[in-house]
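Trainee: Could you take me slowly through one part of this model, the lining of its largest cavity, and then show me how some of the helices pack against each other?

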Amino acid sequence: MCALLFFAVVLSYIDRLVISVLKPDLSARYGWTETGYADLALYFQLVYGLAYVVSGRIVDRVGARVGYAAAVALWTVGHVLHIAFTTTSGMIWARLPLAAGEAATFPAALAATAEWFPKRERALAIGIFNAGSNVGAIVTPLLVPFIVVTLGLGWRAAFVVTGALSIVWLLAWWRFYRRPADHPTLSREERDWIQSEPEVPPRPVRWSTILRTRQSWAYIMGRFLIDPIWWTFLFWLPDFFSRQFNLSLREFGPPLVAVYLLADLGSVGGGWLSSRLIGRGATVNRARKTAMFACALCAVPIAFATAAPSMWVAVGLIGLACAGHQGFSANLYALPGDVFPRWMVGSVVGLGGLAGAMGGMLMAKYAGMILETVGSFQPIFLVAAGAYLVALLVVHLIVPRYAPVDERTLAAEAHA
């Protein structure tokens, strides 16, 4: 099950990153402006954030199996639709269904994780499938030039070929995914281990009920502060290497692969660290925040990336920041499962995704404006350097101690 979730995240990132790898070439070919590209990123995140909330509610109601299948089908249609356009304003129309479908990636994955993993293993499982985002980011700058340049199929083929991979995953998901109670090949011992925590049946929950809890606001604010940095890496790193070191489409692969390999290590390492601390007797509060603090420190050196004496020094600084982000997010993403009943997790995650997308929209406009006027990534990297320490401080101020919400109170409000 974890492998299926991992490959879904891989494919979602491949599909959203094809455009960023092609961006320098398409900008030169079709005359794209920085603000036009920033608008493309902004509208993607707007729809992504709004759909994230809706998808979280849908996943809570229909379950991970049906919800994930519908989401992948929708985003695949939008991904392939990019071949119909050559302008940033036109491609916005293709990004809308792509964003709407991909918004369900993490709500569905987190819901499936809550079904298949007990709490003590959940952060590690999240870290593993979250690492799929980095694998997708590694594969894309290798796969796209191979399709476009080496095979000579042109930029449109990059969207068609990668879209076909999502269809293969969709067939595998529908064939193999079931809840533990319904899975035909699961042993009794495995089922008992997975279901060692009492299961609470799904219940409707009001937004007002969610927003009255401090734990919700800790998660929402954390996502608002850190998601924009990751979106910036995804949308603009190829452009950074093109501007700073004059790399062509053929040459993006090695530095981007190195950056996201480091991010992979951070994703698994951040989840492993907190799980290890919990296993050695630390409280969930101490374990998660200790891991997040260590990861936040990894982002600070990115402030010096634009002054790096060589490309590989810049790669190291950016890769360390990406590792910090992924480790930090693996622990932040575990917060809803730590403190909310399972029947609320998807809705809380949806609100966090909306907050992250709203922050990402602001960051996209900021990045486009800075690159159009200043022409340097330095102000952008300065924001990235401090974002995680600020996010941890905000989370800690809102919830000094991780405490599960009172399920009886929530249930009473849900039926009021």
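Mentor: In this predicted model, the residues that line the largest cavity divide into seven nonpolar, three polar and three charged. Together they make up a lining of 13 residues, and those that lie nearest the centre of the cavity are Tyr13, Arg223, Asp227, Trp230 and Tyr333. If you sort these five by class, Tyr13, Trp230 and Tyr333 count as nonpolar, whereas Arg223 and Asp227 count as charged. The space enclosed by this lining comes to about 130 Å³, and the cavity is the largest of three that have a volume of 30 Å³ or more. As a general point, empty space of this kind is found by rolling a probe the size of a water molecule over the atoms.

It helps to ask next which helices supply the lining of the largest cavity. At least two residues each come from α1 (2-30), α2 (34-62), α10 (214-245) and α13 (311-333), and α10 gives the most, with four residues.

One of these helices, α2, can be followed away from the cavity to a packing partner, helix α5, which spans residues 105-116. The axes of α2 and α5 come within 8 Å and cross at roughly 30°, and because angles under 35 degrees count as roughly parallel, α2 is described as roughly parallel to α5. The crossing of these two helices is right-handed. On the α2 side the contact is made by Tyr48, Tyr52, Ser55, Gly56 and Val59, while α5 brings Phe106, Pro107, Ala108 and Ala111. By class, this contact of α2 with α5 holds seven nonpolar residues and two polar ones, with no charged residues.

A second pair of helices can be read in the same manner. Helix α11 (residues 253-279) packs with helix α12 (residues 284-299) at an angle of about 150°, and their axes are 8 Å apart. Since an angle over 145 degrees counts as roughly antiparallel, α11 is roughly antiparallel to α12. The crossing of α11 and α12 is right-handed. From α11 the contact draws on Gly270, Leu273, Ser274, Leu277 and Ile278, and from α12 on Val284, Ala287, Arg288, Thr290, Ala291 and Cys295. The residues of the contact of α11 with α12 divide into seven nonpolar, three polar and one charged.

Note on methods. Residues numbered from 1 in each chain as written. Predicted model: local features only at pLDDT ≥ 70, side-chain atom pairs only at ≥ 80, totals over all residues. Heavy atoms only, no water. 1 Å grid on protein atoms, 1.4 Å probe; cavity = no way out; pocket = protein on both sides within 12 Å on 5 of 7 lines; lining within 4 Å. Points joined across faces, edges and corners; volume = space filled by probe spheres on them. Axes fitted to C-alpha atoms, helices over the stretch in contact; angles between N-to-C directions. Parallel < 35°, antiparallel > 145°, perpendicular 65-115°, else oblique. Left-handed = near helix turned anticlockwise from the far one by under 90°. Contact = heavy atoms within 4.5 Å.
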